[in-house]
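User: I'm new to this one and would like to learn how to read it. Could you walk me through it?

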Amino acid sequence: MDITNSTPTYPTRSLQFLKRVDSPSKGAYVSKTKEPAKVKFKVIIAGAGLGGLATAIALALRGHQVTIFEQAKELGEVGAGIQIPSNSSRLLLKWGLGPHFEGKVVQPEGMSFRRWQSGKRIGYTKLVPDFQEKFNAPYYVIHRAHFHEAMHKRALEVGVEIEVDSKIVDYDFDRPSLTLENGSVHAADLIVAADGVKSLARGIILGDKDQLPRMTGFAAYRATVPVEKMQADPDLAWILENNGLHCWIGDLRHVMSYTIAGGKSFNMVLSHPEKSDPSTWRQETALEDMKQQFQGWDFRLTRVIDMVKSTIKWPLFTGYPLDHWVAPSGKALIIGDAAHAMLPYMSQGAAMAVEDGSALATILSTITSKEDLVPALRIFEHVRRTRTSQMQHASLINGRIWHYADGPEQRARDEGMRPEVEGRQFVESPNQWSDPVTQEWCYGYDADAVVLEAWEEWLRKRDSETIG
Ligand SMILES: Cc1cc2nc3c(=O)[nH]c(=O)nc-3n(C[C@H](O)[C@H](O)[C@H](O)COP(=O)(O)OP(=O)(O)OC[C@H]3O[C@@H](n4cnc5c(N)ncnc54)[C@H](O)[C@@H]3O)c2cc1C
């Protein structure tokens, strides 16, 4: 072994400094591939959700010709807030979303975990300036509608064509082409289906190997409260200080909250156990049901919940690692929630779709002939399947860590987070935003670098087999 140049075979960051030699300001996170694609593809994307738009922007920036077909008559997002963690914001800012985020994003100073009954702080992750410094990208929160609007505007700026009121009713992945409800057929070099949890494409690609995302036994209420209402209550104003994220955790339930809309609106996701069929839910009783679920919790929290005027109840699904994402023809694939639905407990579902889009654009832009499309998609699938199945698992694990009833595990958990609250050094934490190993894996992940490394490795093997 060449001991001077060998890559470490153990987990370490001790050689990261070498990546800063050529680019001291950017640290480790510099995409090597900003260049335009060598082979240009005509790409059709199914679905203009956050995943479809992210992929469209990333591909168009490399010079591919991209059209999105979206079933909705108008573009937009329902729901309330969404977190944009650093692993995602780094890519979005690189794609030029910055100006569209201005005045819309909020940068929370930190994330506090709180005891369900008293609201006492039991865990704490400092986000500013820590995440910018460690991961070279901010941690944002934003209203979903603003996020979607920003992505939509950027997609149009970079030349993406978006066809609304265009429901896809069938695919031919061998050609590849798709058929819209109005009967028109559209062909391309590649079809990327970002058509969400209820994906039509997933069933066609996987056939009898399809695994539908499953109910998790949990549902979430999503709601917002005007910040000015909370400011008027002396018991509540502290919750808004420094735009912090606050997560109250207790027996089988939690409430994740933060300020959105440039600081004007307080957003809550209230997770609770729910085993019944969503088709039996009545949105008319959702507000009262929500209050019932959190009776006896921190009086400050329930006072905010009492200010909510309307709420929507969402089922929470999780997918499981799928057998494959790419159609047998190698000319179509699924991404985003269609490929890897997950519990929102790591706040990473859309972030994974952004990573998918970036990794896909990176690998497609590196290939030098159309024949390499199939192996490139297989490498993409392998890399992204690994990453997203780990995130699905991490999200499920948070459901375990957060939802202990008061007892020995809860006390051990709270004790494990105590050093981060007291500002002491720690090498492990039950808080997955703080645990040093989880933090680096989650937010330090460079989707472009990982897929590129896997592709270069595949090329080296192919070349050595050809020579051999
Ligand atoms: C309560 C909750 C909180 C969350 N919080 C976060 C968070 O903080 N951070 C985070 O990163 N993620 C979060 N997520 C996850 C995130 O919302 C999703 O992962 C993300 O929105 C998925 O995007 P997508 O584009 O893959 O799918 P979708 O948003 O479902 O988009 C699919 C699109 O395809 C269209 N479509 C579907 N079928 C067809 C068809 N046949 N023809 C044409 N168009 C079609 C749909 O109309 C839709 O526009 C949260 C999720 C929930 C439920």
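Analyst: Sure, we'll go through a sheet, a helix that crosses it, and the surroundings of the ligand. Keep in mind that this is a predicted model.

User: How do I read a sheet, and what is the strand order in the open one here?

Analyst: The general idea: strands in a sheet pair through backbone hydrogen bonds, either parallel or antiparallel. In this case seven strands form an open sheet, in the order β5-β4-β13-β14-β15-β12-β16, and the pairing is mixed. At the edges sit β5 (121-126) and β16 (312-318), each pairing on one side only. From one strand to the next, the twist averages 20°.

User: In which sense do β13 and β14 pair?

Analyst: They're antiparallel: β13 (residues 245-250) and β14 (residues 253-260) share five bridges. To spot one of them, find G250, whose bridge partner in β14 is R253.

User: Which strands does helix α8 lie across?

Analyst: Look for residues 286-293: that's α8, lying across β12 (214-226), β14, β15 (265-273) and β16. Relative to β15, α8 runs at about 75°.

User: Now the ligand. How many residues surround it?

Analyst: There are 32, and the closest are G47, G49, G196, G336 and G349. The elements giving two or more residues to this shell are α1 (50-61), β3 (81-84), β12 and α11 (349-366).

User: Which element gives the most to the shell?

Analyst: That's α11, with four residues.

User: And what is the shell like by class?

Analyst: Sorted that way, the shell has 16 nonpolar, 11 polar and five charged residues.

Methods. Residues are numbered from 1 along each chain as its sequence is written. This is a predicted model: local features need pLDDT of at least 70, side-chain atom pairs count only at pLDDT 80 or more; totals for chains, interfaces and linings use all residues. Two strands pair if DSSP finds at least two bridges between them. Axes are lines fitted to C-alpha atoms, for helices over the stretch in contact, and angles run from 0 to 180 degrees between N-to-C directions. Two residues are in contact if their C-beta atoms, placed from the backbone, lie within 7 Å. A residue is near a molecule or strand if its C-beta atom, placed from the backbone, lies within 6 Å of it. Ala, Val, Leu, Ile, Met, Phe, Trp, Tyr, Cys and Pro count as nonpolar, Asp, Glu, Lys and Arg as charged, and the others, Gly among them, as polar.
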